[in-house]
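Work through these short exercises with the sequence and the structure in view. Try each task before you read its solution.

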Amino acid sequence: MLRVLQLLLLAATASWALAREAAPAAADPALEQRVMTLASELRCLVCQNQTIADSNAPLAEDLRNQVREKMRGGASDSEIVDYMVARYGDFVLYRPPLKLTTALLWFGPLLLLAAGFGVLLRRILRRRPAHDPEMTVSERRRAAALLAGSETERR
Amino acid sequence: MNRFVLPLAIFAALIALLGVGLTLNPREVPSPLIGKPAPHFELPQLHETAKTFTEREMLGKVWVLNVWASWCVSCREEHPVLLDLAASGTVPLYGLNYKDKREDGLAWLKGMGDPYRLSIYDADGKVGIDYGVYGVPETYVIDKLGVIRYKRIGPLTPQILKEKVLPLVEELGRA
């Protein structure tokens, strides 16, 4: 009987210990959601084509923790973004901000599209014959003669 | 003939652009910290754990902060350069032991020589984040007013030291 009780107690404390270990992540799913949403907007500096939400690099983990800590402290998303940009520059943003230095990045594709349309338009306009295709009187006469068979092609 | 000139020119320009792109290092992200005051820290020292060190103690001096770790492979490559710099005595060199185990950091300095006046110990990398550290080793040159004037991501080489760091230190020292 005593042994059973001991075992039960052990089982109970073990699960309690496990539950405590898992607590930080599960404690506040809403916060975690917010952390991951913002983290997916921030570039991992180590593995440059991943966000810090995707990356397992130690730095990405640190930055996620930093984001979480700031959010717990009541910081808004834009405050946290500013904090990151102050340290790592615009590069940390997965979506580059619209600035004079990034204008080409934003509008370059549009410019290329416009250039493509320009070329296309020019070609279409050029395809139209420059002069009137109608025949002159002498040509008309000769055509009639050819059709009638009274004249053979000379060349 | 004429109709090929424009496409060919565009093609050549594109090749030139991509060629230049290949020679650039995408890891060298321009730091927004250049020209800004060095972020404040107050961290325990690596050797004397009871003592702290802060960047404020260095106001009025030009100094170099080098971020290192015993787990960092390129730090091993950089180490002789730092030892030479320390031996030359041109500029005070301080270390920031980044996300390391204290005993590993101490063993590293013991085994390979300690170029630093002292190292501070940033166990959780918080100060590293403040300094925008992402690729150890990193090196900062900080002027007399406590403003970051230069940052190097990756190991220092004798060439970089000679062409960039030392001339800058000399210039800042005269200011």
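Two residues are in contact if their C-beta atoms, placed from the backbone, lie within 7 Å. Keep in mind that this model is predicted.

**Exercise 1.** Find what share of the contacts in chain B between residues at least 6 apart in sequence join residues at least 24 apart.

*Solution.* Start with the contacts in chain B whose residues are at least 6 apart in sequence. Then pick out those joining residues at least 24 apart. They make up 72%.

**Exercise 2.** List the elements of chain B in order from the N terminus.

*Solution.* Begin with the counts: chain B has 5 helices and 7 strands. Now read along the chain from the N terminus: α-β-β-β-α-β-α-β-α-β-β-α.

**Exercise 3.** Set the radius of gyration of chain B against that of a compact globule of 175 residues.

*Solution.* For the globule, expect a value near 16 Å. Chain B has 20 Å. Next, take the spans of its C-alpha trace along the principal axes: about 80 × 35 × 30 Å. Last, check burial: 35% of the 175 residues in chain B are buried.

**Exercise 4.** Describe the side of chain A that touches chain B.

*Solution.* Count first: 14 residues of chain A contact 11 residues of chain B. Next, locate the elements of chain A that give two or more residues to this side: α3 (58–72) and α4 (77–88). α3(A) gives the most, with 5 residues. Finally, sort the residues on this side of chain A by type: 9 are nonpolar, 3 polar and 2 charged.

How values were computed. Residues are numbered from 1 along each chain as its sequence is written. Chains are lettered from A and ligands numbered from 1 in the order in which they are written. This is a predicted model: local features need pLDDT of at least 70, side-chain atom pairs count only at pLDDT 80 or more; totals for chains, interfaces and linings use all residues. Helices (H or I, at least four residues) and strands (E, at least two) are DSSP runs, numbered from the N terminus. Ala, Val, Leu, Ile, Met, Phe, Trp, Tyr, Cys and Pro count as nonpolar, Asp, Glu, Lys and Arg as charged, and the others, Gly among them, as polar. The radius of gyration is taken over C-alpha atoms; the globule rule is 2.2 Å times the number of residues to the power 0.38. A residue is buried if 20 or more other C-beta atoms lie within 10 Å of its own, exposed if 12 or fewer, and partly exposed in between; C-beta atoms are placed from the backbone.
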